[in-house]
Amino acid sequence: MILRRGCPVCGLQNIDNKQIFARDFSGIASLIPFRSYQVFGCVNCGMIYAGELEETMPINEYYRTLSKYENDHAVVSDYDDFSHIAAKFFRDSGIADDSRILDIGCGAGFLLNELSKLGYKNIFGLELSKKNCEHVQATYGIHVFYGGIGDAPERFSGQKFDVIVMKGVLEHLLNLRESISFCVEHLTADGNLIIACPDVANFHYFRDCFQQFSTEHINYFDTNSIQKLCESFGLTVQASKEVGFYKPEQRSECTMWLLGRGRPVERLETDSFDSLKEYFASSAEYAERIRKNCDAMKLDDGFYLFGGGTLLAMLFQLKILRPEKVKGLFDSNVHYQGRSAYGHIIMPPDALRTMKPGPIVIASIASFDAIAAVIREMGLERYIVNIFS
């Protein structure tokens, strides 16, 4: 099924908007919600979004069954910098200690835990991953409703909150206006909505081989498009703050926006197209460096791959790596194992022990060190290939 024939904010048809990029995930279609999409820039409202999405499975089904959060080893810590900075934003924004707060898509509960440390007691989660629900309730004693936007349990009906937060959520959702409507329905009359997600105006600070356009991220917001989306619901941007994710000590790809009723007090961004041009140029430069590394490593005799996600899809799309040279594919996510990708059945890491010696390409930047540690424990360190160095 092809989804999103127009802008998810204002509805202007794709044919009238600016097409600026494309992603092809056909090689891992059994693992992700979309086989491919086109990135458009809306000439009417400025929203940048993924359209012409070829769906492989309902997105809520994906987050319930295949996302990284359903992996048995997904939760390795009870802290992340992103959540720590986001919780401080609550305090700095003057949100009262007794506020009733809902974290939609609360994940492993990092933000809820940080809010609890700051003295917030009336805190709840709404989460599609059953493992996460169980983890948050068992570890922190915080109640989490099992469900999602448009898919909430019956006992959630009629609930009202002083603050609803979506941290790292809105960039994943297909139906933006329905999502904001859901939040407004469950807000008190003078409640606040807090949204945190990658800010397209900051993409140009990062060199990551087009990874802001991933298997899951299908909306690319800036302050202007957040305002455009929410203003028809009576909500305007009252404050914002950059909130670090991978490298919080540097410029962040993420921004957190506080929305409430009243006149907007934030200066609105006017256009993020120039920022994207710079991002595309830096990503293309980085891709060329990876290509030269691969050429120098002489991988034409074949190689094993560890990790089958969005970056690998980009390396194949750019023809930096060639699928026919892959001798085996491995991933730690137990929900991927046994499924097909790039013509191979995905195997668990231990299966590497039974393979003939050969180069092992780690197809992830963010998880490179963690994957390398798994390979090292098997005594195969000398075969690790770092194409990103």
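This report walks through the aromatic pairs, one pocket and one buried helix in a predicted model.

## Aromatic pairs

Let's start with the rings. Counting rings whose centres lie within 6.5 Å, the model has 20 aromatic pairs. One of them is Phe21 with Phe213, a tilted pair with 5.4 Å between the centres and 35 degrees between the planes. These two come from distant parts of the chain, 192 residues apart. Phe21 belongs to strand S2 (residues 18-24), while Phe213 is in the loop that runs between strand S9 (187-198) and strand S10 (219-220). Phe21 and Phe213 are both buried.

Now take Phe156 and Phe182. Their planes are at 5 degrees and their ring centres 5.9 Å apart, so this pair counts as stacked; the cut-off for stacking is under 30 degrees. Here, too, distant parts of the chain are linked: Phe156 sits in the loop between strand S7 (144-146) and strand S8 (161-167), and Phe182 in helix H5 (residues 176-185), with their positions 26 residues apart. Both Phe156 and Phe182 are buried.

## A ring cluster and a lysine over a ring

Back to Phe21 and Phe213: ring pairs join both of them to Phe203, Phe210, Tyr220, Tyr279 and Phe280 in a cluster.

There's also a charge over a ring. Lys18 lies over the face of Phe273, 4.5 Å from the ring centre.

## Helix H8

How many of the eight residues of helix H8 (residues 310-317) are buried? Seven are, so the helix is largely enclosed by the rest of the structure. The buried ones are Thr310, Leu311, Leu312, Ala313, Met314, Leu315 and Phe316.

And what do the buried residues of H8 pack against? Their partners are S2, helix H7 (273-296), strand S13 (303-306) and strand S14 (326-330). You've met S2 already, as the strand that carries Phe21. Just past the end of H8, Lys319 has a positive phi of about 60 degrees.

## The second largest pocket

Lys319 turns up again here, as one of the residues lining the second largest pocket. This pocket has a volume of about 170 Å³. Along with Lys319, its lining takes in Cys294, Asp295, Lys298, Leu299, Asp300, Phe303, Ile320, Leu321, Arg322 and Lys325.

What classes of residue make up the lining of the second largest pocket? Six are charged and five nonpolar, with no polar residues. Among the charged ones are Asp295, Asp300 and Arg322, and the nonpolar ones include Cys294, Leu299 and Phe303.

Key: Residues numbered from 1 in each chain as written. Predicted model: local features only at pLDDT ≥ 70, side-chain atom pairs only at ≥ 80, totals over all residues. Heavy atoms only, no water. Phe/Tyr/Trp six-rings, centres within 6.5 Å; stacked < 30°, edge-to-face > 60°. Helix = DSSP H or I, 4+ residues; strand = E, 2+ residues; numbered from the N terminus. Buried < 20%, exposed > 50% of the residue type's maximum accessible area, 1.4 Å probe, protein only. Lys NZ or Arg CZ within 6 Å of the ring centre and 35° of its normal. 1 Å grid on protein atoms, 1.4 Å probe; cavity = no way out; pocket = protein on both sides within 12 Å on 5 of 7 lines; lining within 4 Å. Points joined across faces, edges and corners; volume = space filled by probe spheres on them. Contact = heavy atoms within 4.5 Å.
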